[in-house]
Amino acid sequence: MLLTIFLYSVVFIYGIIIGSFLNVCILRIPIKQTIVSRRSHCMTCNHPLAWYDLFPLFSYLFLRGKCRYCGTKISKQYPIVEFTNGAMAVLCFAFAGFGSDTLRYINTFVKISEEYEVLDWAASVYDIGVIILSCVLCSALIVISVIDWRTFEIPVGANIVILILGLIRFITLGLVDSRYYKMYCDLIGKEPSLWEAIYARGRAMELIIGFFVMSVPLAIIYYASKGKAIGGGDVKLMAVAGLFLGWKLIIVALIAGCLYGSVIHIIRMKVSGEGKQLAMGPYLSAGIVTALWVGKDIVTWYSGFFN
Ligand SMILES: [Zn+2]
């Protein structure tokens, strides 16, 4: 129990530190400033910030939301982004069943055939790797959501980050699954063909299908409406997120995203007289996160109707 709390605290602190880096990205990407070289400074008085002003979340709370040097109010966006990233990292681990006791048992038994299971380290490493990649995915989605919300533009760099995450998942899943397919072939005394050795159990192929299954129809809508119905960045986001999630979960993500988008946007149009222009990025991101955390349960529940 204590160990579990400790592990989650480490994950949360990691999350808010990355979150403060995300704030820099959110601020500087739309104005094309370099992310790494310039020192952090107050946006009003330009005073460079000392190391003790830069503790994520805690500095904001300690300074009560004001600049130490000129007293100007610091935007609430900073602590919100930091906290959100920390909380999402914790939830990524929580939904995957992370804890001090589960950690040791996480998928270490791999089913090779109906009656044969092996104990293997590769599956554990892969599973924990996927959780860490999921945390990075959430971070990229936060950047996309805030920037799209403000500028109606999804930064290409954030989509490229998600593409890289998807490729890492695709390659490692292929490697892990081919390994088990090879074991299975050894077991039944059969030589896998080259295609089978790569294609293995077909799970990696689900990711490739995921890249196209939603992005192709959306791209057709994009070209047919000349970019009025949906943004090019949204199409690319659904392609790269599909590579990470696989085809089943990206369908869940799009349906959830459209649901969130239509419900919340109608409320916003009624309440605050919001215009017709709609930034889809935040809603699609929320849909992707929904699929990431509970998508498997939704798919299982849904396919229950057909059995
Ligand atoms: Zn200042």
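How many of the 14 residues of H10 are buried? The answer is 13, so this helix is largely enclosed by the rest of the structure. The legends below start from the whole chain of this predicted model and then move in, view by view.

**Figure 1. The whole chain, with its 12 helices and 2 strands.** Reading from the N terminus, the order is α-α-α-α-β-β-α-α-α-α-α-α-α-α. Four helices thus come ahead of the β-β pair, and the rest of the run is α. Along the principal axes, the C-alpha atoms take up a box of roughly 75 × 55 × 35 Å. Of the 307 residues in the chain, 32% are buried. Among contacts with a separation of 6 or more, 70% link residues that sit 24 or more positions apart. For a sense of scale, take Cys258 and Ile5: they are 253 residues apart along the chain, and their C-alpha atoms are separated by 36 Å.

**Figure 2. The hairpin made by S1 and S2.** Strand S1 covers residues 109-113 and strand S2 covers residues 116-119. The two run antiparallel and are joined by 4 bridges. Just 2 residues lie between the strands. Follow the pairing from Phe109, which faces Leu119 in S2, to Ser113, which stands opposite Tyr116.

**Figure 3. Helix H10, residues 232-245.** Here's a quick geometry check on the helix. With 14 residues at 1.5 Å a residue, H10 should span 20 Å, and its end C-alpha atoms are indeed 20 Å apart, so the two agree. As for its surroundings, 13 of the 14 residues are buried. Right after the helix comes Gly246, with a positive phi of about 90 degrees.

**Figure 4. Met238 and its contacts.** Set aside the neighbours within four places in sequence, and Met238 is in contact with Met214, Ser215, Leu218, Ile250, Leu254 and Leu284. Met238 also belongs to the largest nonpolar core, where it is among the residues that touch the most other members. One of its contacts, Ile250, is on that same list of well-connected core residues.

**Figure 5. The largest nonpolar core, 62 residues in total.** The members touching the most others are Val143, Ile162, Met238, Ala241, Ile250, Ala253 and Ala291. Two or more residues come from each of H1, H3, H5 (121-151), H6 (156-188), H8 (203-213), H10, H11 (247-272) and H12 (281-303). The top contributor is H5, with 10 residues. Where does this core lie relative to domain 1 and domain 2? Both domains give residues to the core, so the core lies between them. As a general backdrop, nonpolar side chains in soluble globular proteins tend to be buried together.

**Figure 6. Where domain 1 touches domain 2.** Domain 1 spans 1-86 and domain 2 spans 140-307. Their C-alpha centres are 29 Å apart. Across the boundary, 8 residues of domain 1 are in contact with 7 residues of domain 2. On the domain 1 side, helix H1 (2-28) and helix H3 (77-95) each supply at least two residues. What classes of residue make up that side of domain 1? There are 6 nonpolar and 2 polar residues, and no charged ones.

**Figure 7. Two loop residues with positive phi, Arg64 and Lys226.** Arg64 isn't a glycine, yet its phi is positive, at about 50 degrees. Look for Arg64 in the loop between helix H2 (58-62) and H3. Arg64 has 8 other C-beta atoms within 10 Å, and since 12 or fewer means exposed, it counts as exposed. Lys226 is another residue other than glycine with a positive phi, near 55 degrees. Lys226 belongs to the loop between helix H9 (215-224) and H10. With 7 C-beta neighbours inside 10 Å, Lys226 is exposed too.

**Figure 8. Cys258 in helix H11.** Is Cys258 buried, exposed or partly exposed, and what is the neighbour count? It has 14 other C-beta atoms within 10 Å, so it is partly exposed. A residue needs 20 or more such neighbours to be buried and 12 or fewer to be exposed, so a count in between gets the middle label.

Definitions and conventions. Residues are numbered from 1 along each chain as its sequence is written. This is a predicted model: local features need pLDDT of at least 70, side-chain atom pairs count only at pLDDT 80 or more; totals for chains, interfaces and linings use all residues. Two residues are in contact if their C-beta atoms, placed from the backbone, lie within 7 Å. Two strands pair if DSSP finds at least two bridges between them. The expected span of a helix is 1.5 Å times one less than its number of residues. Domain bounds come from an automatic or database domain assignment. Ala, Val, Leu, Ile, Met, Phe, Trp, Tyr, Cys and Pro count as nonpolar, Asp, Glu, Lys and Arg as charged, and the others, Gly among them, as polar. A nonpolar core is a set of buried Ala, Val, Leu, Ile, Met, Phe, Trp, Tyr and Cys residues joined through C-beta atoms within 7 Å.
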